[in-house]
Amino acid sequence: MKKTNYSSMLQSITAVLSILLLSITSVESLLAKNIQVNVAASGGLDTTLRHRKARPSSRGDATAIDGSNSKLQLLVQERHVVLENSIVRVNLSNPEGLITAIQYKDIDGNLLDHGSAEDSRGYWDVVWGEPRKNGTMDKLRTTTFKVIVQNENQIEVSFTRIWDTSLKGKVMPVNVDKRYIMLKDSSGFYTYAIFDRLKGWPELSIGEARIAFKLSEEKFHHMTITDARQREMPTYQDRQKGQPLAYPEAVLLTDPVNPAQKGEVDDKYQYSTENKDTGVHGWISVNPPIGLWMIAASNEFRAGGPNKQDLTSHTGPISLAMFISSHYSGEDLAPKFENGEPWNKVFGPVFVYVNSAPEAKKDVFTTLWEDAKVQLAKEIKSWPYSFPASDDFPASDQRGTVTGSLLVRDRYVNKRDIAGKSAYVGLAPPGDVGSWQRECKGYQFWTTANADGSFSIQNVRAGEYNLFAWVPGFIGDFKHSTMIKISPGSKQNLGKLVYEPPRAGPTVWEIGFPDRSAAEFRVPEPNKKFMNKLYANREDWFRQYGTWERYSEMYPTRDLVYTVGVSQYQRDWFYAHVPRKLGNKSVPTTWSIVFEIKKILPSGTYKLRLALASATYAELQVRVNDQKAAKPLFTTGRIGKDNAIARHGIHGLYWLYTVDVPGILLRPGQNTIFLTQTRTSSAFYGFMYDYIRLEGPPSNVA
C-alpha cells in the first residue's frame with residue numbers, strides 16, 4: 001500500500017491558498033478604484049446576448065454580467081466599458097468612446113445594428129477641414145478613458161483626445177471630451193461633448209457635427225418624428241435596389257420588401273424639421289414593442305437659431321442628433337476659425353431614451369410615442385441638468401434670466417403700437433441685425449412671445465449677447481440697441497421694447513404673408529409617379545419629390561403673370577422661382593406683377609420690398625415696365641447656397657431687399673414689375689419668396 005505524503009499535500013494546499021488570496025487581494029484593489037471587473041473578460045460584448053444573462057460567446061467576447069438589482073454598475077474591460085442599471089446596458093469601446101451596443105431589460109440582442117462594424121453603430125462625428133477645402137469625416141475616436149463620477153446614483157465617464165501639432169492634417173485641431181452618463185433607474189443614458197480649441201492652433205472649418213445611431217434592422221421599422229409624420233419605413237436594401245433620381249438621396253422604390261411602398265420616393269430630407277421642433281424623434285419596434293428616442297431638452301447648443309432646419313431620422317434605420325450642418329443654409333452655417341482663434345463649446349447633453357409597451361397594447365405606436373413626449377416634457381422641466389460633472393456645463397444657479405415685452409410700431413398699419421404676438425425673441429452672440437440665423441459658434445436662447453408681447457428667456461449662460469427678434473406678419477429683424485450681459489443668477493427686465501419694421505410709405509399692394517416661409521403660396525399637386533404617401537395632404541406637398549419640376553408643366557411657354565386685385569397668391573403664385581426646362585436645357589424665367597395705379601407722384605420714390613425665404617445660387621433682377629431693358633433697376637447678384645428647393649424645405653435662410661423705384665418709371669394706369677431669375681445651371685437654382693410689397697411715397701400718418 002502506497003504511503004500518503006501529507007507534507008507534500010499540505011505544501012500544495014498552502015500554495016493554492018496563497019495564489020487565491022493574492023487574486024482576491026488584486027480584485028479588491030481594483031474594486032477600491034471603483035472599477036468592477038469581469039475576470040472572464042477577454043474582449044467586447046457579444047451583441048447576440050440576452051440582457052445581463054451570461055452566455056458563451058462564439059467570438060470569444062466578454063459575457064454579460066448576471067444581476068437583477070437596480071444598482072448602477074460600471075465594468076471596465078481592456079477593450080470595452082459597460083454602463084448599466086436595472087433597465088439599460090450600454091457598451092462603449094475603450095478608449096475610442098464609440099457606442100457599440102445598447103440592451104434593454106430582457107430583450108434579446110443589441111438595439112443597434114450588430115451587422116455593422118463597431119465604429120458604425122453609435123458615434124459622434126464631425127466633417128472638418130481647412131476653410132474652402134473639402135471636408136473629412138472624423139468619428140472622434142478618442143485615446144484616453146477616465147471615470148469622472150461613480151456613486152450609487154450616477155456614473156459619468158469621459159473619453160478624450162488631445163490635439164497637438166503632430167496630428168496636424170490628420171484629425172480636427174480641437175480637444176475632444178465625449179461624456180456618457182447613466183443614472184440609477186433611468187431608462188436610457190445621456191451624452192454630451194466638449195470641444196476645446198486653444199489659442200494658436202491652425203485654421204479650421206467644421207461642416208457638420210452630430211451623434212448618429214444605426215439601429216437594428218430586424219427590430220426597428222416604424223419611424224416617428226411628429227404627431228403627423230410617422231410611418232413604416234423602407235429598408236436600406238430597398239434603397240439599394242431602387243432607382244436613383246436627380247440626386248443620390250432621392251430613390252424611387254421599385255422592389256421594396258413592403259409591396260405597398262412600391263412607386264414611392266424615399267429621401268432623408270423629407271424628414272427634416274426646424275430646430276424648435278426637434279425635441280424628440282425616433283424609431284419603434286413592434287416585436288418586441290419598444291422605442292428608441294433621441295431627446296433634446298434644449299436647443300442652446302444648435303447652430304442657426306430656432307428656424308434652422310436639419311435632419312432627424314431616416315431610412316437605415318438611422319437616428320440623428322444634429323448640432324452643426326450646412327443643410328438648408330450652405331456654408332454660412334459651417335463655423336470657420338482663423339489661425340490662432342480659440343473656441344470652447346458644449347454640445348448636449350442629449351438623452352437616448354428607451355421605452356416599452358405592454359404586449360397586450362393594440363396601438364403600440366401611439367403608446368410609445370405619447371410616452372416619449374411625456375419624457376421630453378420631463379427633460380425640459382429638468383433643464384439645465386444638475387448632474388453633468390463638467391465645469392463647462394453650468395447649472396441653473398450659474399445662469400441668468402431676461403424678460404421684457406416687444407411691441408411693433410407701424411403707423412401705416414395701426415395708429416397704436418401692436419403687441420409682438422408670437423414673436424421669436426432670442427439671445428445670441430453679438431452681431432449685426434439678423435446675424436443670429438448665420439451664427440454657429442456660440443450659444444443661442446430663444447422663446448416665443450405671449451399674446452401681449454411679453455417674453456421670458458430663461459437659463460441663459462453667462463456672457464455677452466445681443467437680443468434679437470422677428471415677428472410673424474412683419475418684415476425684417478429687430479435688434480436691441482443695448483448689449484445684454486448675463487452673470488450667474490442675474491435677472492434682467494428690459495421693459496417695453498419697440499420694433500419699427502422697414503416702412504417708408506403706404507402699401508400699394510402686397511403678395512404673401514411675411515413669416516419667412518413660402519408655405520402660403522401655390523405648391524402644386526405632386527407627380528403621382530414620385531409620391532411619398534406620408535405627405536398626401538396639401539399642407540405637406542412641398543415635402544414631395546419633384547414639385548419644382550411642375551413649374552415647367554404649368555408654364556410650358558409663358559411665365560407666371562400675377563395680376564394684383566385679380567390673382568390670389570395661394571393659387572396663382574408658384575412656391576419656387578426656378579428655371580424652365582426646355583428640351584435638354586434650362587432657361588431663365590421672368591415673373592410679371594401687373595398692377596394699376598391711378599395717380600403717380602413722378603418726383604416721389606416708391607419702395608419695393610422683397611423678402612426671400614430661400615436662395616440657391618440664384619440671381620434676381622428687377623425691371624419696371626420694360627422687360628427688355630439692358631440694365632435692370634436692381635439685381636441681387638448671385639446669392640444663396642441653402643438648396644432648400646431640392647431638399648423639400650419650404651424655406652432656407654431669410655433675405656430682405658429694398659428696391660427704390662423712381663416715380664418717373666411708373667405711369668398712371670397699368671404697370672408691370674418683372675422679376676427675372678437668371679441662373680440656369682441647375683433645376684434647383686432659384687428662390688422661394690416670403691413676401692413682396694410695393695409702398696408708395698411717404699404720406700402723413702397719425
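**Entry 1: confidence**

pLDDT is the predictor's confidence in each residue, from 0 to 100. I began there, since this is a predicted model. The protein chain has a mean pLDDT of 90, and 90% of its residues reach 70 or more. I then looked up residues 1-68, where pLDDT stays under 50. For that stretch the model has 101 contacts beyond four places in sequence.

**Entry 2: cis peptide bonds**

I looked up two peptide bonds that lead into a proline. The bond joining asparagine 94 and proline 95 is cis, with omega at about 15°. Proline 95 sits in the loop between strand S3 (88-93) and strand S4 (99-104). From asparagine 287 to proline 288 the bond is also cis, and omega there is near 5°. I found proline 288 in the loop between strand S18 (280-285) and strand S19 (290-295).

**Entry 3: positive phi outside glycine**

Next I checked two backbone angles. Lysine 105 is not a glycine, yet its phi is positive, at about 45°. The loop between S4 and strand S5 (122-129) holds this lysine. Is tyrosine 328 buried or exposed? I had a reason to ask, as phi of tyrosine 328 is near 60°, again a positive value in a residue other than glycine. Tyrosine 328 counts as buried because its relative accessibility is 2%, under the 20% limit. Lysine 105, with a relative accessible area of 36%, is partly exposed. For location, I noted that tyrosine 328 lies in the loop between strand S22 (318-325) and strand S23 (336-337).

**Entry 4: a buried aspartate**

Aspartate 238 belongs to helix H2 (residues 236-241). I went looking for its charge partner: aspartate 238 is buried yet has no salt bridge. Lysine 241 is the nearest side chain of opposite charge, 4.3 Å away. A salt bridge needs the two groups within 4 Å, so this pair does not count as one. What does the side chain of aspartate 238 reach at 2.9 Å? I traced it to the backbone nitrogen of valine 257. Beyond four places in sequence, aspartate 238 is in contact with Leu253, Asp255, Pro256, Val257 and Gln261.

**Entry 5: a three-strand sheet**

I followed an open sheet in the order S14-S15-S16, three strands with antiparallel pairing. Strand S14 (243-244) and strand S16 (265-266) are the edges; each has a single partner strand, so one side of each has no neighbour in the sheet. Two bridges pair S14 with strand S15 (residues 251-252) in the antiparallel sense. Proline 244 stands opposite valine 251 in S15.

**Entry 6: a five-strand sheet**

Another open sheet runs S35-S38-S44-S40-S41, five strands with mixed pairing. I asked myself why one side of S35 and one side of S41 are left without a neighbour in the sheet. Strand S35 (561-563) and strand S41 (634-635) stand at the edges, and each has a single partner strand, so one side of each stays unpaired there. Inside the order, I looked at strand S40 (residues 620-624) and strand S44 (residues 669-677), which run antiparallel and are joined by five bridges. Valine 622 faces leucine 675 of S44 as its opposite residue.

**Entry 7: S43 and its partner S39**

I read the side chains along strand S43 (residues 655-662) and found that they alternate. Trp655, Tyr657, Val659 and Val661 point to one face and are buried. Leu656, Thr658, Asp660 and Pro662 point to the other face and are not buried. Strand S39 (residues 605-618) runs antiparallel to S43, and eight bridges join the two. I picked out one residue here: leucine 656 in S43 is the bridge partner of alanine 611.

**Entry 8: tyrosine 691**

Alanine 611 came up again when I listed the contacts of tyrosine 691. This tyrosine is in strand S45 (residues 686-695). Tyrosine 691 is buried, with a relative accessible area of 2%. Outside four places in sequence, its contacts are Ile475, Glu510, Ile511, Gly512, Phe513, Pro514, Arg609, Leu610 and Ala611. Which side chains make polar contacts with that of tyrosine 691? I found glutamate 510 at 2.3 Å and arginine 693 at 3.4 Å. I also looked up phenylalanine 521, which is 170 residues from tyrosine 691 along the chain. Their C-alpha atoms are separated by 9.9 Å.

Notes: Residues are numbered from 1 along each chain as its sequence is written. This is a predicted model: local features need pLDDT of at least 70, side-chain atom pairs count only at pLDDT 80 or more; totals for chains, interfaces and linings use all residues. Side-chain values use heavy atoms; hydrogens and water are left out. Buried means under 20% relative accessible area, exposed over 50%, partly exposed in between (1.4 Å probe, protein chains only). Helices (H or I, at least four residues) and strands (E, at least two) are DSSP runs, numbered from the N terminus. Two strands pair if DSSP finds at least two bridges between them. Contact means heavy atoms within 4.5 Å. A polar contact is a pair of N or O atoms within 3.5 Å; within protein, one must be able to donate a hydrogen and the other to accept it, and residues adjacent in sequence count only if both atoms are side-chain atoms. Lys and Arg count as positive and Asp and Glu as negative; His and the chain ends are not counted.
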